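Subject: Handing over the structure and what was found in it

Dear colleague,

I am passing the structure on to you with this email, and I would be grateful if you could keep it open while you read. The sequence and the coordinates come first, and my notes come after them.

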Amino acid sequence: MTVKRINLALQGGGAHGAFTWGVLDRLLEEESIEIAAISGTSAGALNGAAYKAGWIEDGRAGAKARLDWLWAQMGAVDDLRMPAWMLGAQPAAEALSAAIALTPPALMADAAARMVSPYAYGPFYANPLRRVVDGFAYDKVCDDHAPFLSVSATNVHTGKIRIFERGEIGADALLASACLPTLFQAVEIDGAHYWDGGYTGNPALFPLFRDDLPADIVVVNINPLERAEVPRSAQDIQNRINEISFNSSLLRELRAIEFVQRLLAKGRVPEGAMKRLFVHMISDDDLMRELSVATKLAPNPYLLARLKEAGRAAAQGFIDAHLQDIGARSSTDLEAMFS
């Protein structure tokens, strides 16, 4: 059996990161695929850390178990094998998204996030993700063996991206990567303060350009790149601003990759001077367009289960359609994307 090595780039998106959980869960069942490196931001960083710790502990089974543990902590039900009939009894994703967005707690939280600084809570402030990230086995997360893991955050002072690797990845680095500034106080690490990595790298691709890593980068995208309709409600406008903001850094890196690959193809850059890369994407934009920023912040057990199953289905679709492309060509048409 030929083993195909890939790098994973995992986007952030709050509770929508359960989609990535499903993608990873399915990829772990495919023994012909080996994950050499992971670059993650926010929820992608949490998924990456869970995958790495579980893999070091017990290979594919360990990674699956650790990802299940993570999303149980984030709000999934105890029985993660929720039967299909129960999922089918739940409302459609769009209806569930609207219902969550219009609940009094969601409306109050949204209003508070716009008017109240997270610093206003004084000694009563606590980051709710702390109990989750404190449960990671960081000796395994930081292990030198593959997969190589990198986590990104945004330096509040300089506006630049910060990449945490190996022994730098601790609970604070994961909190920094997932630190939405309207909800959480900036995370201090070595005298600098950090916000969510999505503003500067969602996810960062350049840590995956190393010569010792494979040429294939698989982006697991949980923020829709396109929407046909112009948002009109206040919530829809805010949601689209969030999506554009969190996709902008990814699009910049993809455009740079497309430019370099075009130069290589035309022979304008000497072979070997720059790395030839193959880019792939796993996503379900139709589902994500039905959801909103409200569902990113509300890890409803039914929604998490549905996102996981959607992620598994999307990963299966990628395997069926593009497994043979790995190591040979990009399955994402970057030239068309930026034309």
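What follows is a walk through the fold, the packing of the interior, and the polar and charged pairs.

Please bear in mind throughout that this is a predicted model. The protein is built from 13 helices and 8 strands, and 50% of its 339 residues count as buried. If one takes the contacts with a separation of 6 or more, 79% of them are made by residues that lie 24 or more positions apart.

On the interior, the largest nonpolar core takes in 66 residues, and L8, F19, F136 and L174 are those with the most contacts inside it. Helix 2, spanning residues 43-73, supplies the largest share of this core, namely 10 residues. A second core, separate from that one, consists of 17 residues, among them L213, I217, L250 and V279. Returning to F136, and leaving out its neighbours within four places in sequence, one finds this residue in contact with L46, A49, A50, R66, W69, L70, V141 and L174, so the list holds an arginine, R66, alongside its other members.Helix 12, which covers residues 301-322, has 22 residues and extends 31 Å from its first C-alpha to its last, close to the 32 Å expected at 1.5 Å a residue. At its N-terminal end the helix is capped by N300, a side-chain oxygen of which lies 2.9 Å from the backbone nitrogen of Y302. The buried residues of helix 12 are L303, L304, A305, L307, K308, A310, G311, A314, A315, F318 and I319, and it is worth noting that a lysine, K308, appears in that list.

Some of these residues meet strand 8, residues 278-282, in which I282 is found. I282 is buried, with a relative accessibility of 1%, and although I282 and A314 are 32 residues apart in sequence, their C-alpha atoms are 6.3 Å apart in space. Not counting residues up to four places away in sequence, I282 touches A314, A315 and F318, and also F19, V23, V218, V219, V220 and N221.

A polar residue in the interior deserves a look as well. S152 belongs to strand 3, residues 148-155, and is buried at a relative accessible area of 0%. The side chain of S152 is joined to that of T41 by a polar contact of 2.5 Å, and beyond its neighbours within four places in sequence the contacts of S152 include G40, T41, I161, R162, I163 and S177.

Turning to the charged pairs, a search of the whole structure gives 19 salt bridges, of which I describe a few here. In the pair formed by E29 and R26, nitrogen and oxygen are 3.9 Å apart, which falls inside the 4 Å cut-off for a salt bridge. The two partners differ in their surroundings, since E29 is partly exposed at 36% relative accessibility, whereas R26 is buried at 10%. Both residues also take part in a network of salt bridges that links D25, R26, E29, E30, K64 and R312.

A further salt bridge joins R130 to D134, with the closest N and O atoms 3.5 Å apart. Here R130 is partly exposed at 32% relative accessibility, and D134 is partly exposed at 46%. In the pair made by D286 and R289 the N to O distance is 2.9 Å. These two residues are 3 residues apart in helix 10, residues 285-290, and are therefore separated by about one helical turn. D286 counts as exposed, with 55% relative accessibility, while R289 is partly exposed at 31%.

Finally, how many disulfides does the structure hold? There are 0. As for individual cysteines, C142 is buried at 17% relative accessibility, and C179 is buried at 0%.

With kind regards

Definitions and conventions: Residues numbered from 1 in each chain as written. Predicted model: local features only at pLDDT ≥ 70, side-chain atom pairs only at ≥ 80, totals over all residues. Heavy atoms only, no water. Salt bridge = Lys/Arg side-chain N within 4 Å of Asp/Glu carboxyl O. Buried < 20%, exposed > 50% of the residue type's maximum accessible area, 1.4 Å probe, protein only. Helix = DSSP H or I, 4+ residues; strand = E, 2+ residues; numbered from the N terminus. Disulfide = S-S within 2.5 Å. Expected span 1.5 Å × (residues − 1). Polar contact = N/O pair within 3.5 Å; in protein donor to acceptor, adjacent residues only side chain to side chain. Core = buried A, V, L, I, M, F, W, Y, C linked by side-chain atoms within 4.5 Å. Contact = heavy atoms within 4.5 Å.
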